[in-house]
Amino acid sequence: MPPLVHHPHYRAALADHHALPINKFHRLAEMLTAEGLAPDGFHTPEPATEAQLTAVHGPAYVRAVLDFALPHEMQRRIGLPMSEEIVRRTRAVCGGTLLAARLALEHGVACNTAGGSHHAGPDYGSGYCIFNDVAVAARALLDEGAVSQMLVVDLDVHQGDGTALIFADEPRVFTFSMHAEKNFPARKAASDLDIGLDDGLEDAAYLAILQGALPGLLHRVQPQLVFYVAGVDPHRDDRLGRLALSDEGLAARDAYVLETCLAHGAAVCGVLGGGYDRDTDRIAHRHATLHRAAQGVSA
Ligand SMILES: [Zn+2]
């Protein structure tokens, strides 16, 4: 069984009408337990320290978030209330992705039950992302000397613009984003490799494009560790996606990414990314696709 990471602080309150289904993280953990995918329970992370956060984000921005003193305009760009729970949550998620990355290096594959806050940039948050958990984890591992080459495979339907900007001048973290070209953010950043997809793309065409890109990328980058942002918002029923993948398409995608990375000798740290549905159970179940795939390759 692949190690799974969860923290009770992933749960936080948001207004009922909010577009982010924030109860999905907690519900996902319950589902994974019920499905027998977490027989030994979850690994519980330490929240990210201020030093780990400022290794990625501007110290003034980090302080403003931790002091609940973010200017209104910056809060609006994030789209979340700066409550104690929400701030506590983002620190726990960053610590969770770092722990999952460490466990992946040890076991081959490990997954967080949240994470993929890829719109958070060097000194701002955006699109429901406050701190960039993948960036915090990657930076911590680089600074420790634990890993010297990483690859971010970001298949969330939105571009990983924050991650691209954070690592623009860091050759040891290669950023790859495959997303719906017309989706948020309107102004794209430059990842090391971007593939912008047309609206309405279905399973076969999507998988063919991915299969055309990933093996060559792994060969070229030779990562020891891959961060896989397994957003389920390319699903056809997603409220914020523009693509048309099915449940089977997402399952095939996740299995393909995990198998291909492992076959190239890279460990994989899986994080959730986005997924938007009014029904918490439905979206949590969709996110569990990643954890089922991880179990499939670890069995
Ligand atoms: Zn997304």
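Me: What makes the arrangement of donor atoms around the zinc ion irregular?
Reply: The angles do. The four donor atoms subtend 54 to 154°, which makes the arrangement irregular. Four donors would count as tetrahedral if all angles lay between 85 and 135 degrees. Keep in mind that this is a predicted model.

Me: OK, which atoms coordinate the zinc?
Reply: Asp156 appears twice, through OD atoms. His158 gives ND1, and Asp233 gives an OD atom. The distances run from 1.9 to 2.7 Å.

Me: And how are the donor residues spaced in sequence?
Reply: The pattern is D-x1-H-x74-D. Asp156 sits in the loop between β3 (150–154) and α7 (161–166), and Asp233 in the loop between β6 (225–229) and α9 (247–263), so the pair ties together parts that are 77 residues apart in sequence.

Me: Are Asp156 and Asp233 buried or exposed?
Reply: Both are buried.

Me: Switching to confidence. What's the mean pLDDT of the chain?
Reply: The mean is 97. Residues reaching 70 or more make up 100% of the chain.

Me: Which element has the lowest mean, and which the highest?
Reply: Helix α10 (residues 280–298) has the lowest, at 96. The highest is β6, at 99. That strand borders the loop holding Asp233.

Me: Now Phe131. Where is it?
Reply: Phe131 is in the loop between β2 (109–112) and α6 (133–144). Its relative accessibility is 0%, so Phe131 counts as buried.

Me: What is it in contact with, beyond its sequence neighbours?
Reply: Phe131 contacts Leu53, His57, Tyr61, Val62, Val65, Leu66, Thr90, Cys94, Ser117 and Ala120, leaving aside neighbours within four places in sequence. Tyr61, Val62, Val65 and Leu66 are among the buried residues of helix α3 (residues 59–66).

Me: What do the buried residues of α3 pack against?
Reply: They pack against α2 (50–54), α4 (72–78) and α5 (84–107). Just after α3, Phe68 takes a positive phi of about 55°.

Me: How far is Phe131 from Gly115?
Reply: The C-alpha to C-alpha distance is 9.8 Å. In sequence the two are 16 residues apart.

Me: What about Asn132, where is that found?
Reply: Asn132 is in the loop between β2 and α6. Asn132 has a relative accessible area of 1%, so this residue is buried.

Me: Which side chain does Asn132 make a polar contact with?
Reply: The side chain of Thr163, at 3.1 Å. Thr163 falls within α7 (161–166). Asn132 also touches other residues beyond four places in sequence, including His57, Cys94, Ser117, His118 and Ile166.

Me: Next, Arg139. Buried or exposed?
Reply: Arg139 counts as buried because its relative accessibility is 15%, and the cut-off is under 20%. The residue is in helix α6.

Me: What does Arg139 touch?
Reply: Ala55, Val56, Phe167, Glu170 and Arg172, not counting residues up to four places away in sequence.

Me: Last topic, the strands. How many bridges join β1 to β2?
Reply: Two bridges join β1 (residues 4–5) to β2, and the strands run parallel. Leu4 has Cys111 as its bridge partner in β2.

Me: And how do β2 and β7 pair?
Reply: In the parallel sense, over three bridges. Strand β7 covers residues 267–271. Gly270 is the partner of Cys111 there.

Me: Which way do the residues of β2 point?
Reply: Val109 and Cys111 point one way, and Ala110 and Asn112 the other. All of them are buried.

Technical notes: Residues are numbered from 1 along each chain as its sequence is written. This is a predicted model: local features need pLDDT of at least 70, side-chain atom pairs count only at pLDDT 80 or more; totals for chains, interfaces and linings use all residues. Side-chain values use heavy atoms; hydrogens and water are left out. Donors are N, O and S atoms within 2.8 Å of the metal (3.2 Å for Na, K and Ca); water is not among the atoms, so sites may look incomplete. Four donors count as tetrahedral if all angles lie between 85 and 135 degrees; four count as square planar and six as octahedral if opposite donors are over 155 degrees apart and all others between 65 and 115; anything else is irregular. Helices (H or I, at least four residues) and strands (E, at least two) are DSSP runs, numbered from the N terminus. Buried means under 20% relative accessible area, exposed over 50%, partly exposed in between (1.4 Å probe, protein chains only). Contact means heavy atoms within 4.5 Å. pLDDT is the predictor's confidence in each residue, from 0 to 100. Two strands pair if DSSP finds at least two bridges between them. A polar contact is a pair of N or O atoms within 3.5 Å; within protein, one must be able to donate a hydrogen and the other to accept it, and residues adjacent in sequence count only if both atoms are side-chain atoms.
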